[in-house]
Amino acid sequence: MALRRELHRRGLRYRVDRAVLPHGRRRHDIVFVGSRLVIEVRGCFWHRCPLHGSSPKANSAWWEEKLQRNLSRDKETEALLARSGWQLLVIWEHDDPFDAADRVVAALSRAPS
Ligand SMILES: [Zn+2]
């Protein structure tokens with residue numbers, strides 16, 4: 001994944017596909033454990049990005065329910081992370097990897113060390 005490569009190139013080290021919440025069922029794409037920062041890279045379609053989220057015409061009710069469930073789960077994850085003292089940064093699939101890496105660096109600088 002381009003973002004991971006870019007972070008690595010900048011000398012940042014992180015864990016991938018890690019669970020941080022107590023019940024451990026949700027895994028996050030990129031985790032900076034010491035800084036308590038979680039990065040989630042969300043697919044435009046599956047997580048309904050504001051720019052490219054679309055609703056398929058075929059089987060629309062089924063899709064609506066499925067995509068809506070993803071969104072609820074995202075919201076719930078956001079709330080759980082916040083409650084557990086983790087910072088969450090959401091990166092969209094369509095984001096430029098260099099800009100995204102800049103946002104990660106900015107988030108790290110705000111994190112408690
Ligand atoms: Zn998008």
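The exercises below work through a predicted model of one protein chain with a zinc ion.

**Exercise 1. Describe the overall build of the chain: how many helices and strands are there, and in what pattern do they follow one another?**

Solution. Start by counting the elements, which gives three helices and four strands. Next, read along the sequence, where these elements follow the pattern α-β-β-β-α-β-α. For the dimensions, take the C-alpha trace, which spans about 45 × 30 × 20 Å along its principal axes. Finally, turn to burial and contacts: of the 113 residues, 36% count as buried, and residues 24 or more positions apart account for 56% of the contacts with a separation of 6 or more.

**Exercise 2. Find which residues coordinate the zinc ion, and work out why the arrangement of its four donor atoms is called tetrahedral.**

Solution. First identify the donors, which are Cys44 and Cys49 through their SG atoms and His52 and His94 through their ND1 atoms, at 1.9 to 2.3 Å from the zinc ion. Then consider the angles that the donor atoms subtend, which run from 103 to 116°. Four donors count as tetrahedral if all angles lie between 85 and 135 degrees, and the arrangement around the zinc ion is therefore tetrahedral.

Now place the donors in the sequence, where their spacing is C-x4-C-x2-H-x41-H. Cysteine 49 belongs to the loop between β3 (37–42) and α2 (60–83), while histidine 94 belongs to the loop between β4 (87–92) and α3 (97–110), so this pair ties together parts that are 45 residues apart in sequence. As a last step, compare the accessibility of the two residues: cysteine 49 counts as buried because its relative accessibility is 2%, a value under the 20% limit, whereas histidine 94, at 31%, is partly exposed.

**Exercise 3. Determine which residues have the most contacts inside the largest nonpolar core, and which element gives the most to this core.**

Solution. The largest nonpolar core has 15 residues, and those with the most contacts inside it are Leu3, Leu7, Phe32 and Ile39. Looking at where the core residues come from, we find that α1 (2–9), β2, β3, β4 and α3 each supply at least two of them, and that α3 gives the most, with five residues. Isoleucine 39 serves as a worked case: leaving aside its neighbours within four places in sequence, isoleucine 39 is in contact with several residues, including Leu3, Phe32, Leu89, Ile91 and Val104. A second, separate core of seven residues includes Val20, Leu21, Val38 and Trp86.

**Exercise 4. For arginine 36 and asparagine 59, state what phi is near, and decide whether each residue is buried, partly exposed or exposed.**

Solution. It helps to recall that most residues other than glycine have a negative phi. Arginine 36, in the loop between β2 (27–32) and β3, has a positive phi near 50°. Asparagine 59, in the loop between β3 and α2, likewise has a positive phi, near 55°. For accessibility, arginine 36 has 35% and therefore counts as partly exposed, while asparagine 59 has a relative accessible area of 57% and is therefore exposed.

**Exercise 5. Locate arginine 18 and list its contacts beyond its neighbours within four places in sequence.**

Solution. Arginine 18 sits in strand β1 (residues 15–19), and with a relative accessible area of 32% it is partly exposed. Once its neighbours within four places in sequence are left aside, arginine 18 is in contact with Arg26, Arg27, His28, Val31 and Val33. Between arginine 18 and isoleucine 30, twelve residues apart in sequence, the C-alpha to C-alpha distance is 7.2 Å.

Notes
Residues numbered from 1 in each chain as written. Predicted model: local features only at pLDDT ≥ 70, side-chain atom pairs only at ≥ 80, totals over all residues. Heavy atoms only, no water. Donors = N, O, S within 2.8 Å, 3.2 Å for Na, K, Ca; no water. Tetrahedral: all angles 85-135°; square planar, octahedral: opposite > 155°, others 65-115°. Helix = DSSP H or I, 4+ residues; strand = E, 2+ residues; numbered from the N terminus. Buried < 20%, exposed > 50% of the residue type's maximum accessible area, 1.4 Å probe, protein only. Core = buried A, V, L, I, M, F, W, Y, C linked by side-chain atoms within 4.5 Å. Contact = heavy atoms within 4.5 Å.
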